[in-house]
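Visitor: I would like a close look at a single part of this model, with its surroundings taken in order.

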Amino acid sequence: MIAGMNARQMGRRGGLSKSSAKRAAARRNGARGGRPREVDRLAGKIRDVCARLAPQLPQIDPGDLRLIVRCLLLPPARRAVFLMRRKDGRYVF
Amino acid sequence: MDATSSEISERTLVALAKALRAVRLEAIVIGNSASMLNGAPVTTQTIDLLIRDTGPNRRKLARFAKEIGGSTPVRISELSNIESIESALAVPIEIHYDRIAGGLTFSFLRSRAQLVTVGREKLAVAALADVIRSKEAANRPKDRAVLPILRDTLAVKSKLEAPPED
């Protein structure tokens with residue numbers, strides 16, 4: 001442990017230890033699928049937030065709640081999807 | 001690979017914010033664009049902006065239109081002071097002056113607006129409660145259609161932003 005450094009900072013700095021136990025642990029984590037993908041993390045977060053809020057907001061349709069929570073969890077710039085008119089006159093999202 | 005609609009929409013917002021900053025035009029995003037940026041799962045065919053109706057702002061608006069490769073602002077009807085700008089952006093820009101339905105003034109909306117980050121730019125976006133107030137006052141069929149989901153979004157936002165209960 002380095003004084004004045006928290007666990008996150010130590011993780012970023014990385015370890016100097018190259019033990020076989022550490023290598024084996026990394027292999028085990030990798031075999032389990034490794035770091036979760038961003039989409040899986042977002043899906044999990046949406047599920048958790050909906051599960052927490054649904055009992056507090058019974059008047060909101062579960063499908064709508066899911067859409068709202070998904071939008072709110074995205075960064076603002078990614079929330080916007082405009083309906084655009086193509087040159088041929090058709091509209092696309 | 002073609003850009004996704006979400007990427008095009010994001011680029012549109014960034015270009016809009018950049019152009020507003022370049023000409024120093026103070027504007028607030030209102031209407032359903034504001035609803036989207038506030039997290040409501042809705043869409044729209046225009047970006048509505050509210051600005052103060054002053055001489056300097058009219059000149060800045062003309063420069064803004066050029067900046068986005070757009071037309072001169074054109075009144076959408078003789079019965080309304082809303083102006084529209086067709087441009088190279090994905091959707092037209094509609095300009096409202098001084099106040100919107102519900103008697104909501106520029107200064108009132110600005111005092112409650114949020115600064116939202118888009119790319120490296122910032123946009124002032126009307127609060128969702130104010131968008132709802134304005135749509136309730138306008139009370140057109142298209143406003144009534146969208147109000148339930150806006151109210152639901154506001155309820156969810158309030159719950160998410162509330163401090164956790166013990």
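Which residue stands opposite Leu50(B) in β2(B)?

Guide: The model is predicted, and what follows should be read with that in mind. The residue that stands opposite Leu50(B) in β2(B) is Ile28(B). Ile28(B) and Leu50(B) also appear together in the contact list of Leu50(B): leaving aside neighbours within four places in sequence, Leu50(B) is in contact with Ala27(B), Ile28(B), Ile30(B), His96(B), Ile100(B), Phe106(B) and Leu109(B).

The strand itself, β2(B), runs over residues 47-51 and is mostly covered, with five of its five residues buried. In a regular strand, side chains alternate between the two faces of the sheet. In β2(B), one side carries Ile47(B), Leu49(B) and Ile51(B), the other carries Asp48(B) and Leu50(B), and both faces are covered. The charged residue Asp48(B) is thus listed among the buried residues along with its hydrophobic neighbours.

Two partner strands can be named. Strand β1 of chain B, residues 28-30, pairs with β2(B) in the antiparallel sense, over three bridges. Strand β5 of chain B, residues 93-97, pairs with β2(B) in the parallel sense, over five bridges. Within β5(B), Glu94(B) is the bridge partner of Asp48(B).

From the strand the view widens to the core. The largest nonpolar core has 59 residues, and those touching the most other members are Ile28(B), Val29(B), Ile30(B), Leu49(B), Leu50(B), Val125(B) and Ala126(B). Leu49(B) and Leu50(B) lie in β2(B), on opposite sides of the strand. The largest share of this core, seven residues, nevertheless comes from helix α1 of chain B, residues 5-23.

As for the chain around the strand, the secondary structure of chain B comes to six helices and nine strands. Of its 166 residues, 42% are buried. Among contacts in chain B with a separation of 6 or more, 55% join residues 24 or more positions apart. The C-alpha atoms of chain B fill a box of roughly 55 × 45 × 30 Å along the principal axes. The radius of gyration of chain B is 16 Å, which agrees with the value near 15 Å for a compact globule because that is what 166 residues would give.

Chain B also meets chain A. The contact takes 22 residues from chain A and 29 residues from chain B. On the side of chain A that touches chain B, α4(A) supplies the largest share, seven residues. The residues of that side divide into 18 nonpolar, one polar and three charged.

Terms used
Residues numbered from 1 in each chain as written. Chains lettered and ligands numbered in written order. Predicted model: local features only at pLDDT ≥ 70, side-chain atom pairs only at ≥ 80, totals over all residues. Buried ≥ 20, exposed ≤ 12 C-beta atoms within 10 Å, placed from the backbone. Helix = DSSP H or I, 4+ residues; strand = E, 2+ residues; numbered from the N terminus. Pairing = 2+ DSSP bridges. Core = buried A, V, L, I, M, F, W, Y, C linked by C-beta atoms within 7 Å. Contact = placed C-beta atoms within 7 Å. Rg over C-alpha atoms; globule rule 2.2 N^0.38 Å.
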